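Please open the structure in your viewer and keep the selection tool at hand, since this tour goes from one selection to the next.

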Amino acid sequence: MKYYSLKHEFLKAGSGSYPQSEGMTDNYPYNREDSVWNINYDTELVPNLDAIRLVQGAKLLDMLSSVVISEMIGKIVSENFKELLHNFRLPAHRFFEAKVINCRKRKIREQQYYLFRVLEHQN
């Protein structure tokens, strides 16, 4: 059996900025039931992922770092990364479509992103 670990790029040359996102859109409803603040490890909530705002200078990578979405909750991954993950036998998991905008509040159209969540407890 093999184990893999997904880690973010911390070097500015690789990610442009770390973290790549420090929050959601200006009018994001953090107090709603489906808010990213209410995603817990064992929650079956379908999160509102409209929209993750990138900081200035952030590069579009296959995995984005976000302050408001804990690494224990899930990872923001690109369509390419999602397709790669389908090649592995993974524990129970889900992908949720995520909207990503740049620092000028324009939707990222070059890539589609998803919140990748492992639903089983992992030690």
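Begin by selecting Asp-26, Arg-53 and Lys-105, which are linked in a network of salt bridges, a salt bridge being a side-chain nitrogen of Lys or Arg within 4 Å of a carboxyl oxygen of Asp or Glu. This is a predicted model, in which local features need pLDDT of at least 70 and side-chain atom pairs count only at pLDDT 80 or more, while totals for chains, interfaces and linings use all residues. Residues are numbered from 1 along each chain as its sequence is written, and side-chain values use heavy atoms, with hydrogens and water left out.

Within this network, look at Lys-105 and Asp-26, whose side chains meet in a salt bridge at 2.5 Å, N to O. The two residues are 79 apart and link distant parts of the chain, with Lys-105 in the loop between strand E5 (93-101) and E6, and Asp-26 in the loop between strand E1 (21-24) and strand E2 (50-54); strands (E, at least two residues) are DSSP runs, numbered from the N terminus.

Next, select Glu-71 and Lys-75, which form a salt bridge with the closest N and O atoms 3.5 Å apart. Lys-75 is buried, with a relative accessible area of 10%, where buried means under 20% relative accessible area (1.4 Å probe, protein chains only).

Finally, move to Arg-117 in strand E6 (residues 113-118), which at 1% relative accessibility counts as buried. A polar atom of the Arg-117 side chain lies 2.9 Å from the backbone oxygen of Ile-73.

Methods. Helix = DSSP H or I, 4+ residues; strand = E, 2+ residues; numbered from the N terminus. Buried < 20%, exposed > 50% of the residue type's maximum accessible area, 1.4 Å probe, protein only. Polar contact = N/O pair within 3.5 Å; in protein donor to acceptor, adjacent residues only side chain to side chain.
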